[in-house]
Amino acid sequence: AYADLLALQGNPNFAGRHAMQKATADIMDRAIVGSEIVRGLLAHPTAITTPVPPANQLASQLHTVARLIERAQSDLGHERQVFFVAMGGFDNHDGLLDGQHSGLLARLNGALKFFWDALGQIDMRSRVTTFTASDFGRTYVSNGNGSDHGWSSDHFVMGGDQVAGGNLFGTYPNLAIDGPQDTGSGRFIPSHSVDAYAFELAKWM
């Protein structure tokens, strides 16, 4: 089916008459080419010997990222890259206090420790900045066994000399429920916008 779809790109009557199919074929073509490039890069030997933490999908994703960083400049000529990895499970409307949340943080910690060690083995700590992003926080008012969707949240940035480690940027809100910064149900107004956060990362890049 993929081959049939891609073959349509060579049809002289295809481009103007089937725009949606052509767009789909273009995306599929890029995905296939990209997967072949990645497969080739990952076939090379690696200097990364740090073991990937078992049963840690985030660490596995970061292992792939580290391998691609290791090969990207020499094999692809890339000087700038952006990688996206994801870890779910934090939407704890219930069960927040039963150990699920602390287990997620432990898994996150293990994955980041692995990535930091791997970057050290390929001498890339000072050239890679790792940061978190999320589209929501949690409320400070319980829903009985957890919390609901909030507004602001804390994030962290990890890197070498390009990151001023050990510093807190922004101002913690007054955490009083129904206080001056509570917009309702413990949803606090952040001191900095995500745009300001992204701006600093974009300047570095």
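Of the 205 residues of the protein, 24% count as buried, and the exercises below work through this predicted model from its overall form down to single side chains.

**Exercise 1. Overall form**

Task: Establish which order of helices and strands the protein follows, and decide whether the chain is spread out or compact when set against the globule rule.

Solution: Begin with the inventory, which is 6 helices and 4 strands. Read along the sequence, these elements give the pattern α-α-α-α-α-β-β-β-β-α. The next step is the radius of gyration, which is 22 Å and thus well over the 17 Å that the globule rule gives for 205 residues, so the protein is more spread out than a compact globule. The C-alpha trace spans about 65 × 45 × 35 Å along its principal axes. As for how the chain contacts itself, 60% of the contacts between residues at least 6 apart in sequence join residues at least 24 apart. Finally, the accessible surface comes to about 13,400 Å², and carbon and sulfur atoms account for 57% of that area.

**Exercise 2. The largest nonpolar core**

Task: Identify the residues with the most contacts inside the largest nonpolar core, and find which element gives the most to this core.

Solution: In soluble globular proteins, nonpolar side chains tend to be buried together. Here the largest nonpolar core has 18 residues, and those with the most contacts inside it are L62, I69, F115, L119, I122, M124 and V128. Two or more residues come from each of the helices α4 (57-76) and α5 (100-121), and α5 gives the most, with 7 residues. To follow one member outward, take I122, which touches A47, I48, A66, I69 and E70 when residues up to four places away in sequence are not counted.

**Exercise 3. A polar residue in a loop**

Task: Determine whether N56 is buried or exposed, and describe what surrounds its side chain.

Solution: First locate N56, which is found in the loop between α3 (19-42) and α4. Its relative accessibility is 6%, and because buried means under 20%, N56 counts as buried. A polar atom of the N56 side chain lies 3.0 Å from the backbone nitrogen of A59. Leaving aside residues up to four places away in sequence, N56 touches R107, G110 and A111.

**Exercise 4. Two aspartates with positive phi**

Task: Compare where D123 and D178 are placed, and state whether each is buried or exposed.

Solution: Neither residue is a glycine, yet D123 has a positive phi of about 55° and D178 has one of about 65°. D123 is placed in the loop between α5 and β1 (130-131), whereas D178 is found in the loop between β4 (157-158) and α6 (194-204). With a relative accessibility of 64%, D123 counts as exposed, and D178, at 68%, counts as exposed too.

**Exercise 5. Aromatic pairs**

Task: Work out what geometry the aromatic pairs have and which parts of the chain they tie together.

Solution: A search of the whole structure finds 2 aromatic pairs. In one, F131 and Y197 are edge-to-face, at 6.1 Å centre to centre and with 90° between the planes. F131 lies in strand β1 and Y197 in helix α6, so this pair ties together parts that are 66 residues apart in sequence. F131 is partly exposed, with a relative accessible area of 41%. In the other pair, the ring centres of Y140 and F188 are 5.2 Å apart and the planes stand at 80°, so this pair is edge-to-face as well. Since Y140 belongs to strand β2 (residues 138-142) and F188 to the loop between β4 and α6, the pair ties together parts 48 residues apart in sequence. F188 counts as buried, at 2% relative accessibility.

Notes. Residues numbered from 1 in each chain as written. Predicted model: local features only at pLDDT ≥ 70, side-chain atom pairs only at ≥ 80, totals over all residues. Heavy atoms only, no water. Core = buried A, V, L, I, M, F, W, Y, C linked by side-chain atoms within 4.5 Å. Buried < 20%, exposed > 50% of the residue type's maximum accessible area, 1.4 Å probe, protein only. Contact = heavy atoms within 4.5 Å. Polar contact = N/O pair within 3.5 Å; in protein donor to acceptor, adjacent residues only side chain to side chain. Rg over C-alpha atoms; globule rule 2.2 N^0.38 Å. Areas by Shrake-Rupley, 256 points an atom, 1.4 Å probe, with all protein chains shown as cover. Phe/Tyr/Trp six-rings, centres within 6.5 Å; stacked < 30°, edge-to-face > 60°.
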